[in-house]
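Biologist: I would like to learn how the words used for a protein model are earned. Could you take me through this one step by step?

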Amino acid sequence: MASNFQIFSFKNKDSIHLRLSGDFDGGSAHELINTLIEQGVGIWDIYIDTNNLQTIHPFGIDVFQKNLNGIKKQLKNLIYVGANKHQIAPD
């Protein structure tokens with residue numbers, strides 16, 4: 001995982017907001033997947049804020065999207081926001 005990567009989260013009744021910060025690499029992708037599994041199951045809306053990402057490595061995107069396929073059915077609404085949303089969100 002990139003040494004400067006962090007996930008800040010806050011939850012309310014129906015949603016969780018995950019703000020990503022730092023560099024997004026393969027380890028960061030695994031951390032995001034683990035956070036989605038731990039905190040996102042049973043939550044109606046999951047917002048992934050990409051505004052504070054600095055460098056997005058293609059390998060990180062691949063790792064995230066491949067692992068996301070395995071857990072998508074457990075998650076309801078993934079909503080990507082921020083300037084880098086098109087790079088992170090699956091096609």
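Modeller: Gladly! Let's begin with a term: a contact means heavy atoms within 4.5 Å. Counting contacts with a separation of 6 or more in the protein chain, 71% join residues 24 or more positions apart. This is a predicted model, where local features need pLDDT of at least 70, side-chain atom pairs count only at pLDDT 80 or more, and totals for chains, interfaces and linings use all residues. Residues are numbered from 1 along each chain as its sequence is written, and side-chain values use heavy atoms, with hydrogens and water left out.

Biologist: What makes a stretch a helix or a strand, and in which pattern do they follow along the sequence?

Modeller: Both are DSSP runs numbered from the N terminus: helices are H or I with at least four residues, strands are E with at least two. The protein chain has three helices and four strands, in the order β-β-α-β-α-β-α.

Biologist: How do you know whether the radius of gyration agrees with a compact globule?

Modeller: The rule, taken over C-alpha atoms, is 2.2 Å times the number of residues to the power 0.38. For 91 residues that gives a radius near 12 Å, and the protein chain has 12 Å, so the two agree. The C-alpha trace spans about 30 × 25 × 20 Å along its principal axes.

Biologist: Why is Phe64 called buried or exposed?

Modeller: Buried means under 20% relative accessible area, exposed over 50%, and partly exposed in between (1.4 Å probe, protein chains only). Phe64 has a relative accessible area of 0%, so it is buried. Phe64 sits in helix α2 and, leaving out residues up to four places away in sequence, touches Phe24, Ala29, Leu32, Ile33, Leu36, Tyr80 and Ile88. Across the protein chain, 43% of the 91 residues are buried.

Biologist: And what are Asp62 and Gln54 called by that rule?

Modeller: Asp62, also in helix α2, has 41%, so Asp62 is partly exposed. Gln54, in strand β3 (residues 45–56), has 59%, so Gln54 is exposed. Gln54 touches Asn4, Gly22 and Asp23, not counting residues up to four places away in sequence. The C-alpha atoms of Gln54 and Phe64 are separated by 17 Å, though these residues are ten apart along the chain.

Biologist: How many aromatic pairs are there?

Modeller: Rings of Phe, Tyr and Trp (its six-membered ring) pair if their centres lie within 6.5 Å; planes under 30 degrees apart count as stacked, over 60 as edge-to-face and the rest as tilted. By this rule there are two aromatic pairs. In one of them, Phe5 and Phe24 have ring centres 5.9 Å apart and planes at 65°, so the pair is edge-to-face.

Biologist: What does the pair of Phe5 and Phe24 tie together?

Modeller: Phe5 lies in the segment before β1 (6–11) and Phe24 in strand β2 (residues 15–24), so the pair ties together parts that are 19 residues apart in sequence. Both Phe5 and Phe24 are buried.

Biologist: Why is the pair of Phe24 and Phe64 called edge-to-face?

Modeller: The ring centres of Phe24 and Phe64 are 6.2 Å apart and their planes stand at 80°, so this pair is edge-to-face. With Phe24 in strand β2 and Phe64 in helix α2 (residues 58–71), the pair ties together parts that are 40 residues apart in sequence. Ring pairs thus link Phe5, Phe24 and Phe64 into a cluster.
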